[in-house]
Amino acid sequence: MPTDSKAEDLKIEIDELAKNAPSARQFMSEIVELLHERLLKFNWVGFYMLETLPGQPPILVLGPFQGAMTPHTRIPLHQGICGAAASTGKTVVVDDVNKDNRYLACSLETKSEIVVPIFVGGKVVGELDIDSHFLAAFAPEDRELVEYCANLVGQHLATAPYGK
Ligand code: SME
């Protein structure tokens, strides 16, 4: 039965995907498809996963995504809105990317962005990044939905690591 809120309806569908996904990576691919297809202001939706290799600085690596190809397939933690969210462990919402000097441009059409960290065992392991062609596209309800997705992915990754 649909509720009167699109975000609430999507959460119900995402819960179903979480229950049935055979792997975290598959679940992540399904989330990006669903959000990109159903929310018209979510114009680029993708995951970055934190790669930590011995002797090398940690780096965010592009994972499943929907939208135009981005030049930013690997982002160091001191760069971009993505780096800011991963290094602070806090959601970052930017209403106008052209006024934020941390912003790494992916598309000239992007006007606003949200990045939500994903945690496993209290540590950041990745993030969910969404760009919009609209200024200030991310209302509290959108933020809550994206945080909901990031939290479910964290739960999935805790039991079945990425790539397994
Ligand atoms: N805008 C991001 C880079 C990733 S693209 O948006 C896909 C940033 O500033 O970190």
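**Note on helix α2, the nonpolar cores and D131**

1. Beyond its neighbours within four places in sequence, F27 is in contact (heavy atoms within 4.5 Å) with I14, L17, A18, A21, L152, V153 and H156. The model is a predicted one, in which local features need pLDDT of at least 70 and side-chain atom pairs count only at pLDDT 80 or more, while totals for chains, interfaces and linings use all residues. Residues are numbered from 1 along each chain as its sequence is written, and side-chain values use heavy atoms, with hydrogens and water left out.

2. The largest nonpolar core (buried Ala, Val, Leu, Ile, Met, Phe, Trp, Tyr and Cys residues joined through side-chain atoms within 4.5 Å) has 31 residues, of which I14, F27, L35, F42, F47, I130 and V153 touch the most other members. At least two residues of this core come from each of α1, α2, β1, β5 (112-120), β6 and α4. A separate core of 17 residues includes Y48, L62, A84 and V94.

3. The buried residues of α2 (under 20% relative accessible area, 1.4 Å probe, protein chains only) are A24, F27, M28, I31, V32, L34 and L35. They lie on the same side of α2, because their arc around the axis (directions from the helix axis to the C-beta atoms) is only 165°. Their cover includes α1 (6-20), β1 (44-51), β2 (59-66), β6 and α4 (140-159).

4. D131 lies in strand β6 (residues 123-132); strands are DSSP runs of E, at least two residues, and helices are runs of H or I, at least four, numbered from the N terminus. D131 is buried yet has no salt bridge (a side-chain nitrogen of Lys or Arg within 4 Å of a carboxyl oxygen of Asp or Glu). The nearest side chain of opposite charge, K111, is 12 Å away, with Lys and Arg counted as positive, Asp and Glu as negative, and His and the chain ends not counted.

Key
Buried means under 20% relative accessible area, exposed over 50%, partly exposed in between (1.4 Å probe, protein chains only).
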